[in-house]
Structure formats: structure tokens, C-alpha cells
Amino acid sequence: MLGLSKFFSKNQSAAFLKAAVLVVEATNKYREELRELSGEEILARFSKIRAHAQEAGATPESDLPLVFALVREAAYRTLHQFHFDVQIAGGLALAEGKIAEMRTGEGKTLVATLPATFHALSGKGVQIVTVNDYLARRDGVWMGQVYHYLGLSVGIVTSAGAYRYDPSHVAEGEDVERDAEGSFKVFYEYLSPVEKREAYAADITYVTNNELGFDYLRDNTAYDASQIVQRGYHYAIIDEVDSILIDEARTPLIISGPVGDSQTFYERFAEIVRGMKAGEDYSVDEKQKAIQITEEGMHKAEIALGLENLYTEGGVKYAHHLETAVRAQALFQEDKEYVVRDGEIIIVDEFTGRMQPGRRWSEGLHQAIEAKEGVKIKEETRTYATVTFQNLFRMYERLSGMTGTALSSEEEFYTVYKLEVVAIPTNKPSARRDHDDLIFQTAAGKYRAVAHAVKERYIKGQPVLVGTVSIEDNETVSTFFTNEGVPHEVLNAKNHEREGEIIAEAGKEGRVTVATNLAGRGVDIKLGGPLANDEERAKIVAKGGLMVIGTERHDARRIDNQLRGRAGRQGDPGETRFYVSLEDKLMRVFAAETLKKVMGRFGIPEDEPIESAMITKSLETAQGRIEGFNFDSRKQVLAYDDVMNTQRLAVYARRRAALRGSDAEVEALIRSLIAHSETARSAFETKKIELGEAFVPLLRRLLLQIIDTFWLEHLETMDYLRRSVSLRAYGQRDPLIEYRREGLQRFRQLEENIKSAFTESLPRLQNADDARIRAEEEKTRAALIAAGNDGDIASAPIIKAAGYGRNDFVTIKKGDATQTLKFKKAEPLLSDGWEIIHKN
């Protein structure tokens, strides 16, 4: 049994785990009975529960042990993996709408099959949300066989296209290969490309967080009900929940379009700022990530622009451009915050180290960085729709999540999302050793010490994983390793396509892998390699298991713990250590001066470390302070977005009613809008008779156009209000209260504008050139579809199908949908209206 009493934590885990024992025992009682049944009998038993759940609208809690037992048996027969008791407890936590904290290597991907199946039985749909396209595809194919065995359909939605899990045309031999390599490799043969709507309509859908958010926004900018792809928000499981709900919570999802050309401004100001010096013309506050332009800097800019006073002659616009150019110069560095690839600036996620194609910084910052790097400046954009991840996921009736590191942020999870965190015990006791940090005076000394330590392990044959905080750091470590003659694999945002397979191999004998802190997250590192036999594994165990080295402390303890968790999975031996220098960001901001004096006084050489539990503890205290600061920042973002969210939901509900409501409902909605005007009421009756059947479709389109026109203007004014309202703090007024008050006034004005515009337009309603209007709507729609997608697939030339190998990857297109898959899978679809637009 679980032996849970040893693992009771200080939070609510103890009470939960005590109750979980009863569910685990009830699930285990079915083990022998189900083992005797045939596949048809298992499916019949499952179908009976499913029919009852669909009738009732939800699966009864009393059926949970049997459902879990059926899923466990299906996993055993298809994957040859049997859910441990602790995994059953983790599944229960997720089914109840909690966050399950499970250590790395404890099988979270398999755990998700339990609650996903339980909640999918009602037929309302379940979404399993992952952090990237690779994990969505991998998990959909790997776990798809469990769901398929029980008769459930599986959809996969990624930025590269949507798929259904379909094993019907795959040979038996490939299934054996998938069971062995499915934990790190995507088997595309099992994926059939479909429209997004079909993928979302599946019983269980694997989808990335970005695509889920962008599809929500696109659905709410649709001009036809047929363009809506998502279904209701019933139940979601978020994989790597801390990454999505915390690390990415400060970045709103925005769909935007071009507004105008101020390219010359950006180039001019980038040129001016190149001649400025930090400390003289501007100061930098690293802790607050802010800059302050000095009088000298302002004077320098005025001379360069030929102005006497920047503010009076240039207005706020000049000052804004100058400040943005200085921010781009001082706070954003290539290969750290962004990379330059194919003449484009691509944002690098500071937490995962992955590139974020399609994302752009707002308020002209992206254009300022483009000017700084001398690449083509893209047009400034206008916001069409926006939502934060906080408000996106709070729409779900029930939400749950899983990760290896959640307890340190449990306050935020509960405050924002009302999610409790439960620490699930490990299946085997942990044998990992976490050493105290080694502190060096300089970064160069630190890197030399890391290279020496890794070389020793490499000669011994012990596998080493080196975790870095940025792409720049990766390149530096790689240079030191090359100089020391240590062969190694570098894994960063520049080659993330292969990151799963590289990370999976990191446990092999003598393997050295250098990776940004979370690259390859979600992939297990097994000792001896992913396909190792007992002898190969035992050889690595004898050498001490996997050694994990961190080259710098991250702002968040969770990220450090995630890196540590790579070692010592499933009771394996392993060790971890962080190498820190006084030049690291965290030390510069919090602890440098005192330590420098101490190390200087004792004459410690730059590559000689000091090891102190007290310093390690003080670093963790500093991390706690930064986490608190970031939590406050996210709370602030959420408080402002809550104001917008109330308005957004009201506008989107009216839009949805215009799109999907019956003719009678649309007429009732219009009557409520024009109730104040006798003229409009009279025009309504006249036009109804005059236009006949075309009347309601024309009303729908007119209402959508009017709502969108005023809503876009409203988004702009609210964005401007959000930026300007902070100045009112100088007048002893709370900016948030002022934003709420004025936001409400402006929303009421928006409602009045919509009413009066509709009242004025109704008498002039007539049958117009439908083809022209449709073409305009399609043009707008195409721009929205492209927003958030990787690359520019839509503009690629169409290539004829001749000359492709069966296993060549191609991108195909039909209407709004694009898919990436092997040619042998694409070939039968070409006769169904799909076209090949790109060879990968």
C-alpha cells in the first residue's frame, strides 16, 4: 500500500492522502476481476458507465474507482504500464480539481489518463493543456492507445495543425516500436489531419496553451457560426501547471493587425541611443527592469533631433520613442531575451528558454529592438482581441493541473484560481543528494570550475546535465567545455525541434548535455538511456547516477527545483549542485558587496569557491523575495484585466448570440437595442417585410460589424487609460479604483454607441454586394487566423505533389486549416481538397 502516513505535509495534503487510501483500495479490488475479462467485455463494462454518465450529464463519484481500474487495465494491455498506487492518488487529486505535485519521473503523463477519462464520459469534452506542440503530439500519440482501447476519441491541436488519433492503418510492428520510444518520440503515422473543429469535438483533446487561447480569441472574432472551432469549457488538466498559470501569466495573448508606418522614428531614435552611455545618459534598475534617462541623455537627444525641448516640441510621442529605444538598448540583449533569425527578432521565453515565434512585444518595443539590430521593421499593430491566461482558464467549470514544483507557489494558485495543491508521495524513496552551492568571485572562475568538475565526471563515465539560464550562458559553457576537450550536446532555443530526443539520451554513460533551464521539460531521463537494459542501467547506478549542475540560480525556486528533479527519478541515485558567481544577476542585486569584501579580505582566488549553507539559505531567501515581487506584479495585471474581462465576456456573449442565436433570439436582441427609438422600431417592421428571408442574416452581420468597430476603439482607449492612470497616484488617488470607475463609464458609453449606431443604420439596411462583403470578412479572418501561428505558412508557394518520398514531412492546407505530416499520410487527402504548400 501507499505508506502515506510518512509523507503527510504541512498543507492540505495530509487530509487528502488519508481519504485517497480508500479510493486506492477500492480501485485495487477490481484488479483480478478485470484481468480475466476480454477486450470486448472491458469495453462493454466501460460503455455501460459512459451511457449512464451521458444521461446524467456527469459521471457519478461512486463510479470513480471502477473507471480508474478500467483505465489502469487498458494502460497495462496497451502500454504495458501499470498505474502505481501513488499514481491513482494523483489521478484522484486531478479528478477533484486540485493541483497534484508529483516529482519528475513519477509518470504524470500516465496519471492524466485517469481523470481525463473520468470527466470525458459525460460527453462534454476534456482538454489536456501542454506547454508546446511537441508534447501535445507526443502525448496524444503515446496515450492515445489507452483512450482508443476504451472507445474514446482523441484530438490534438497545435500551431502546425490539428489531428485525430487514428491507428487504423498502422502495422503491428510499429506499435511495439512506439511503446519503447513513445516517451520521447512522436510517431506521426498515428495522426490523421482534420479541421480544428473536429479535433476540439473529440472526447479528449491535447492542445497547447497558446493555441487554446488564440482559438478562443479567433472564435470571438468570427463572422460566421461555421468558423467557431471550440466547444464549452467543461474540464481541463494543465500539464506543467506552474509554467502556464504562473510563469506565462504576465503575458497576455493578443491578436493584432497593422495600423500605420512610423518606421523612420524607430531608426532615428535607435541611432541616437547607440551614442548614449549607461550611467551617464541613463541609469538602469535591474531589479525593477526599468531605465531612467538623465538630463545629459535628454539634452543629447534634443541636439540630435534639432529641438530645444523634447516634450514641448515633440510631444509625448518623441519622449515615448526615446524611452523605448533606451529600454531596447539597455534591458534587452541578443541571445538572452531574443534571437535574430532569418532577419526577424524572435522572443525567447525567459523561463523555458524556448523561442516564441509569432509573439511580439507591445508599445513599440519590438520595433525599437528591430531598429537596434538593423533588421526590417514591421508595422505597429492595433489590438483586435486580447485575453490573459488567468481569465482564460478561470472560465472552466473545473480546472486541475500537475507539475513537479507547485508547493512554493500554493498561495498564488489558491488566491487566483482557487486551486489547492496536494503533494503526492514518490513511489520509491528519493536517493538524490543536493549539495550546497559553490560561490565564486567571477563568472569566468565559475565556468572554469564547472568545466573541470564535468571533465572529471566525463572521464569516470557518469552522465552530466548542465542547466543554464539563457542561450548566451549555453554558448559560454559550451566554449569552456570545448577548451577542456569535453564532448557535449548543446540544447537551447535554436534547435528545440530535437530537444525531446536529446534530453532522453542524457542518462547514457559519459553523456554531457548542456541545456537551458527547462529545455526538454516533460521528457524523462532514464539512467543508461531511454532503451537501456538492466545491465546498462546498473552500470550508471554504480557510477552515482545522473549529476545535475546549475550554472546560476534562477529568480524562482521552482525553476531550480525543476532542474534538480532531473536527477534521482524513481528512487535512482543522483546528485545536484549549483555553481554561483558574484557577477550573477541574483547575487548582483541582493548579496554581492558583503561577500566581495569577505572574499577579497581572505584573498580567495577567482576560481576557488567558498561553500556555505548560510549563503545558500540567503540566496533562497532572495529568491522568495523576488517570487513575492513577481506575484504582486501578476496580481496587479490580473486586477486590471478583471475589469476588462467583465466587459469582454459581455461583448463576446452578445457577439455569440448574434452568430449562433435562432432567428427569434436575434430579433429579440435587436428589439432590446432599439427599444428607445420609435423611428427604429418602425423601420424594423418595414425592413422585415421588405427584405423577407434575408432580413435576419443582414441583421446578424450589421450587429457584428457595429460591435467590432466600437469594441476595437474601446480596447484602444482602455489600453491608453491603463497606461496613463498610474500618474493619478501622485494626486493621492488609487490608480486601480480610478481605472475601474472610468472603465465602467467608458463601457456604458460603448453600449450607448452600439445602440445609437444600430438605430441609425437600421433604416438604411438593404441587400448589398454579398460577395464583396464576404471577401472583406475573409481577408480580416485570414489575418486573425495567422495571428499566433508559427512562421508564415499561408504565404508559402504551392508546390506540386510529384517527387516526394513517402516519409518526407510536408505542410498541407485546406481553407483556414494547415497540417504538418508525412507525405504517405498526406497523399490520400490531396483528392479531398488539401494542397501541399511547403516541404519541411
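# A guided tour of the predicted model

Start by selecting helix H26 (residues 613–660) together with H29: the two pack at an angle of about 170°, with their axes 10 Å apart. Axes here are lines fitted to C-alpha atoms, for helices over the stretch in contact, and angles run from 0 to 180 degrees between N-to-C directions. H26 and H29 are therefore roughly antiparallel to each other; angles under 35 degrees count as roughly parallel, over 145 as roughly antiparallel, 65 to 115 as roughly perpendicular and the rest as oblique. Colour this contact by class and you will find 14 nonpolar, 2 polar and 7 charged residues. In that scheme Ala, Val, Leu, Ile, Met, Phe, Trp, Tyr, Cys and Pro are nonpolar, Asp, Glu, Lys and Arg are charged, and the others, Gly among them, are polar.

A word on what is on your screen: this is a predicted model, in which local features need pLDDT of at least 70 and side-chain atom pairs count only at pLDDT 80 or more, while totals for chains, interfaces and linings use all residues. Residues are numbered from 1 along each chain as its sequence is written, and side-chain values use heavy atoms, with hydrogens and water left out.

**Zoom out**

Show the whole protein as a cartoon, and 32 helices and 27 strands make up its secondary structure. These are DSSP runs numbered from the N terminus, with helices (H or I) of at least four residues and strands (E) of at least two. Of the 840 residues in the protein, 54% are buried; buried means under 20% relative accessible area, exposed over 50% and partly exposed in between, with a 1.4 Å probe and protein chains only. Among contacts (heavy atoms within 4.5 Å) with a separation of 6 or more, 76% join residues 24 or more positions apart.

**The cores**

Next, select Leu 245, Phe 393 and Phe 413, which touch the most other members of the largest nonpolar core, a set of 174 residues. Helix H29 (residues 695–724), met at the first stop, gives the most to this core, with 14 residues. A nonpolar core is a set of buried Ala, Val, Leu, Ile, Met, Phe, Trp, Tyr and Cys residues joined through side-chain atoms within 4.5 Å. In soluble globular proteins, nonpolar side chains tend to be buried together.

Centre on Phe 413. Beyond residues up to four places away in sequence, Phe 413 touches Ile 99, Val 241, Asp 242, Leu 245, Ile 246, Ala 406, Lys 418, Leu 419 and Val 421. Apart from the largest core lies another, of 28 residues, including Tyr 266, Ala 270, Leu 322 and Ile 369.

**The loop between H18 and E16**

From Phe 413, move to Lys 418, in the loop between helix H18 (410–417) and strand E16 (421–423). Lys 418 has a positive phi of about 55° although it is not a glycine, and at 55% relative accessibility it counts as exposed.

Glu 420 sits in the loop between H18 and E16 too, and is partly exposed at 30% relative accessibility. Draw a distance from its C-alpha atom to that of Lys 98: the two are separated by 5.2 Å, though 322 residues apart along the chain. Leaving aside neighbours within four places in sequence, Glu 420 is in contact with Gln 12, Lys 98, Ile 99 and Tyr 414.

Another positive phi, of about 70°, belongs to Asp 335, again not a glycine. Look for Asp 335 in the loop between helix H15 (310–331) and strand E11 (338–341). Is Asp 335 buried or exposed? Asp 335 is buried, with a relative accessible area of 17%.

**Two helix pairs**

Now select helix H19 (residues 443–460) and helix H20 (residues 471–484), whose axes come within 9 Å and cross at roughly 55°. H19 and H20 are therefore oblique to each other. By class, their contact has 8 nonpolar, 2 polar and 4 charged residues.

Finish with helix H1 (residues 13–28) and helix H4 (residues 64–78), which pack at an angle of about 55° with their axes 8 Å apart. Show side chains for Val 23, Ala 26, Thr 27 and Asn 28 in H1, which meet Leu 64, Pro 65, Phe 68, Ala 69 and Arg 72 in H4. That contact of H1 with H4 has 6 nonpolar, 2 polar and 1 charged residues.
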